[in-house]
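Biologist: I have some terms I would like explained. Can we go through them on this model?

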Amino acid sequence: MAHPSPHRLSNRRVALVMGQDLAYNREVMRGVQAYAHSKAGWVIRDGPLARHVLKPLREWKPDGVIAHLYDRKIAAELIALGVPLVNTTNTLSDLDVPLV
């Protein structure tokens with residue numbers, strides 16, 4: 001896993017990759033955003049679990065990803081980012097990704 005460069009040590013980039021169509025996802029997003037606002041230097045970006053989000057996400061270089069993983073191909077691409085990844089659904093229960 002890559003370590004953050006020295007100029008990024010003060011900021012934590014966290015990507016929330018989940019749709020806002022489910023109340024559960026909206027609550028997860030609200031909780032993560034509330035936590036991030038209580039910490040200095042946290043930057044949150046969100047987007048749906050969709051292919052068009054992957055390229056901008058790779059370019060943004062998040063320090064970690066919290067995702068609602070229900071698509072195996074997109075899950076594999078998020079795992080390939082090589083950053084900490086947390087899953088918020090057990091839809092793909094065989095994934096080797098921490099589940100909350």
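Biologist: Which residue in β3 is the bridge partner of Leu16?

Modeller: Ile66 is the bridge partner of Leu16. Keep in mind that this is a predicted model.

Biologist: What makes β1 and β3 a pair?

Modeller: Two strands pair if DSSP finds at least two bridges between them. Here 4 bridges join β1 to β3. So β1 and β3 count as paired. They run parallel.

Biologist: Why are β2 and β4 called edge strands?

Modeller: The sheet is open, with its 4 strands in the order β2-β1-β3-β4. β2 (42–47) and β4 (85–87) each pair on one side only. The pairing in the sheet is parallel. From one strand to the next, the twist averages 15 degrees.

Biologist: Which strands does helix α1 touch?

Modeller: Helix α1, residues 23–37, packs on the sheet and touches β1, β2 and β3. Its direction makes about 160 degrees with that of β2. Angles run from 0 to 180 degrees between N-to-C directions. α2 also packs on the sheet, touching β1 and β2. The direction of α2 makes about 170 degrees with that of β1.

Biologist: What makes a set of residues a nonpolar core?

Modeller: Its members are buried residues of certain types, joined through side-chain atoms within 4.5 Å. The largest such core has 17 residues. Val17, Val65, Ala67, Leu69, Leu78 and Leu85 touch the most other members. β1, α2, β3 and α3 each give two or more residues to this core. Another core, of 7 residues, lies apart from it, and includes Val14, Leu16, Val28 and Ile66.

Definitions and conventions:
Residues numbered from 1 in each chain as written. Predicted model: local features only at pLDDT ≥ 70, side-chain atom pairs only at ≥ 80, totals over all residues. Heavy atoms only, no water. Buried < 20%, exposed > 50% of the residue type's maximum accessible area, 1.4 Å probe, protein only. Contact = heavy atoms within 4.5 Å.
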